Amino acid sequence: MNRIAPMGRLLAVAAAASLALTACGGGDTADQSASTAPSAATSTQASSAPAAKGDGTLTIGTVLPQTGSLAFLGPPEFAGVDQAVKEINEAGGVLGKPVTKVHTDSGDTTTNIASQSVDKLIGQKADAIIGAASSSVSESIIDKVTGAGVVQFSPANTSDKFTTIEDNGLYFRTAPPDKLQGRVLGDLIAADGNDTVGILAMQDSYGSGLADQITKTAEAAGASVVERVDYDPKAAEFSADVAKIKAANPKAVVLIGFEEGAKVVAELVKQGLTADKVKWYMVDGNMSNTNYLKMPKGTLKGVKGTIPGAEAPEEFREKLKKLDPKLDDFTYSAESYDAANLIALAAEAAKDDSGASIAAKLAEVSKGGEKCKSFKECADLLKAGKDIDYDGISGPVEFDDNGDPAVATIGVYQYGDDNKYAPKALEYRTGKIEG
């Protein structure tokens, strides 16, 4: 089902904007009082109801991976949000008050952690929730989040499903849909001279969507996908899956997955499909600078992969490292930073911190006005009565009618002898998200 267009978002979510649930767990000092509102089932029917106002304090929650198969993405994402909130509050906050942030764990689809975290955040009056990183986890919580009138804003969801998902106009993302990453990687594989390709993809919306787009692009460029295996990421081992790929004798193997990718890599090596004999290609979900460090030196040497987003500037990286000195991977840190800034600017533009009001202004602050690159610069323009166009660390953003970035950049990276990919991409490819 298609999303509700931006002009209709505010009215469509009005009746659900103040829904609150009981908090699960403690440890945070945010106000946990709750009010009641109509259920999500009736929210889209109350188009004539006035929008519920926020409480005057912008509360940003996060549902990001502290545990689970994408735990390596958690530190840079949390750091990006923390840096944004720090700068926002140093600039005077939102609506004259400091922004409150509450971090929670998303886990992965093997647990119910994300759902419990959402309950906690709604109970603590979160106006917007940044997360999840995993597309499948976001799918599992989107009804609960948007049904409560809360904005869900992912810095890392790339599944094409979110372009048309039912979301009451409250879902946004700074990461581009997989159709662009898939096109870039498919073109790269063919350009590298691989006329036969094998694909090992995790069996979920993320894996299937990317595999479909890579196949379409690579075959259009003259390559042939000779074997595709959609595997269970929870499997204990992957010998049979890799054996199917080996039997097809491809020149290149595409690996689409998360943390379990290390087991897949080990099995490729075991069966003789090493990176010096067959070209390996990876995607953002398994491009990691920590997941392969225990493997023999050079295991991933020469392996290429794609990660959405422009290069995070060195100055930005240094700021994040002051917050978290252990940071070694900055994937989706810029997208998380931009998500927090955009949420705050939308609340400023709306002069209200409710989810419905924020959603109604997110597209507006992302395009069409006077260019600005920081919360303070943009907020000052808003206070002067100017229309703004926030261009962030991750790129221009510019939301389309579906809450997707209309234009995005994909970086192509390569692993070295230390089983880590270089902090700077070999190249960046920028394109429109269409088709």
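User: Why does asparagine 419 count as buried?

Analyst: Its relative accessibility is 1%, and buried means under 20% relative accessible area (exposed is over 50%, partly exposed in between, with a 1.4 Å probe and protein chains only). Asparagine 419 therefore falls in the buried class. Please note that this is a predicted model, where local features need pLDDT of at least 70, side-chain atom pairs count only at pLDDT 80 or more, and totals for chains, interfaces and linings use all residues. Residues are numbered from 1 along each chain as its sequence is written, and side-chain values use heavy atoms, leaving out hydrogens and water.

User: What makes the phi of asparagine 419 worth pointing out?

Analyst: Phi is positive there, about 65 degrees, although the residue is not a glycine. Most residues other than glycine have a negative phi. Asparagine 419 sits in the loop between β13 (407-414) and β14 (427-432); strands are DSSP runs of E of at least two residues, helices runs of H or I of at least four, numbered from the N terminus.

User: And asparagine 249: is it buried or exposed?

Analyst: Exposed, because its relative accessible area is 62%. Asparagine 249 also has a positive phi, near 55 degrees, and it lies in the loop between α8 (239-248) and β8 (252-256).

User: How do you know that cysteine 372 and cysteine 378 form a disulfide?

Analyst: Their sulfur atoms are 2.1 Å apart, and a disulfide is a pair of cysteine sulfur atoms within 2.5 Å, so the pair qualifies. By this rule there is 1 disulfide. The link is right-handed, with 110 degrees about the S-S bond, and both cysteine 372 and cysteine 378 are buried.

User: Why are α11 and α13 called roughly parallel?

Analyst: Helix α11 (residues 333-350) and helix α13 (residues 375-383) pack at about 10 degrees, with axes 10 Å apart; axes are lines fitted to C-alpha atoms over the stretch in contact, and angles run from 0 to 180 degrees between N-to-C directions. Angles under 35 degrees count as roughly parallel (over 145 roughly antiparallel, 65 to 115 roughly perpendicular, the rest oblique), so α11 and α13 are roughly parallel.

User: Which residues make the contact between α11 and α13?

Analyst: Contact means heavy atoms within 4.5 Å. On α11 the residues are Asn341, Ala344, Leu345, Glu348 and Ala349, and on α13 they are Phe375, Cys378, Ala379, Leu382 and Lys383.

User: How many helices and strands does the protein have?

Analyst: The protein has 13 helices and 14 strands, and buried residues make up 57% of its 435 residues.
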